[in-house]
Amino acid sequence: MDGVLNVRSLAVAGVVTGAAVLGYLAGVFTGYNCLAMALALPQDGKLIACDIDDTNVNLGRPFWKEAGVDHKIDVRIQPADKTLDDLIDAGEAGTYDFVFIDADKASYDSYYEKSLVLLRPGGLVAIDNVFLGGKVLKAEDTWNAATAAMVRLNKKIHKDPRVNISMLTMADGVTLAFKC
């Protein structure tokens with residue numbers, strides 16, 4: 001997701017859903033997205049963030065501390081699928097308000113399914129980059145594994161009776177799926 005406005009829009013979406021517990025399935029990079037989402041959370045809110053190493057996480061930590069939100073951000077240094085499995089195994093199914101998916105594109109379907117387990121009814125999963133730079137509209141013989149996976153997921157979500165959806169055309173496309 002590109003731009004300050006878009007990140008703030010997702011943070012607001014989390015607040016609109018009454019979010020107190022968020023999952024952020026993306027590389028932390030500079031930590032800006034985590035900061036924006038943590039700022040939108042109530043003081044006792046919780047943000048689970050995923051990354052596969054702490055190099056970029058360490059860039060964001062000083063800013064989280066300066067903003068007074070470091071206590072809200074729980075960074076898990078491991079693959080997102082493992083983090084989701086750990087959360088489900090810890091009995092956190094049905095307790096999350098908002099999940100943002102922006103990680104390994106070929107694994108989006110797994111992230112989506114596990115996010116639905118974690119979300120409460122009425123919770124929101126936001127799936128970033130659903131257009132893949134327009135690749136999802138090109139001929140199938142031009143697709144790589146990530147593009148094929150995204151096309152399958154887009155079709156699956158479109159027909160999924162477990163969610164109500166809206167696809168936003170901002171940036172590279174964001175699907176908002178509200179759990180029924």
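Two strands count as paired here if DSSP finds at least two bridges between them.

**View 1. The whole sheet in this predicted model is open and has seven strands.** Reading across, the order goes β3-β2-β1-β4-β5-β7-β6, and the pairing is mixed. Look to β3 (73–77) and β6 (163–168) for the edges, since each of these pairs on one side only. Ignoring direction, neighbouring strands are turned by 15° against each other on average. As a general reminder, strands in a sheet pair through backbone hydrogen bonds, either parallel or antiparallel.

**View 2. Here β4 meets β5 in the sheet.** Strand β4 takes in residues 96–102 and strand β5 residues 119–128. The two run parallel, and five bridges join them. To get your bearings, find Phe-98: its bridge partner in β5 is Leu-124.

**View 3. At the β6 edge, β6 and β7 form a hairpin.** Strand β7 (residues 174–179) pairs with β6 in the antiparallel sense, over six bridges. Leu-168 stands opposite Val-174 in β7. Five residues sit between the strands of this hairpin. While you're there, check out Ala-171, which takes a positive phi near 55°.

**View 4. Helix α4 lies across four strands of the sheet: β1, β2, β3 and β4.** Of these, β1 covers 21–26 and β2 covers 46–51. Against β2, the helix runs at about 145°.

**View 5. Helices α4 and α5 pack with their axes 10 Å apart.** You'll find α4 at residues 80–89 and α5 at residues 108–118. The angle between them is about 20°; angles under 35 degrees count as roughly parallel, so that is what α4 and α5 are. Their crossing is left-handed. On the α4 side, the contact is made by Ala-80, Asp-81, Leu-84, Asp-85, Leu-87 and Ile-88. From α5 come Ser-110, Tyr-111, Lys-114, Val-117 and Leu-118. Sorted by class, this contact of α4 with α5 has seven nonpolar, one polar and three charged residues.

**View 6. Helix α5 also packs with α6 (residues 145–159).** Their axes are 9 Å apart and the angle is about 30°, which makes α5 roughly parallel to α6. Tyr-108, Asp-109, Tyr-112 and Glu-113 of α5 make the contact with Met-150, Leu-153, Lys-156 and Ile-157 of α6. Among the residues of this contact of α5 with α6, five are nonpolar, none polar and three charged.

**View 7. Over residues 1–5, treat the picture with some care: pLDDT stays under 50.** For this stretch the model has 10 contacts beyond four places in sequence. Across the protein chain, the mean pLDDT is 89, and 89% of the residues reach 70 or more.

Notes
Residues are numbered from 1 along each chain as its sequence is written. This is a predicted model: local features need pLDDT of at least 70, side-chain atom pairs count only at pLDDT 80 or more; totals for chains, interfaces and linings use all residues. Side-chain values use heavy atoms; hydrogens and water are left out. Axes are lines fitted to C-alpha atoms, for helices over the stretch in contact, and angles run from 0 to 180 degrees between N-to-C directions. Angles under 35 degrees count as roughly parallel, over 145 as roughly antiparallel, 65 to 115 as roughly perpendicular and the rest as oblique. A crossing is left-handed if the near helix is turned anticlockwise from the far one by less than a right angle, and right-handed if clockwise. Contact means heavy atoms within 4.5 Å. Ala, Val, Leu, Ile, Met, Phe, Trp, Tyr, Cys and Pro count as nonpolar, Asp, Glu, Lys and Arg as charged, and the others, Gly among them, as polar. pLDDT is the predictor's confidence in each residue, from 0 to 100.
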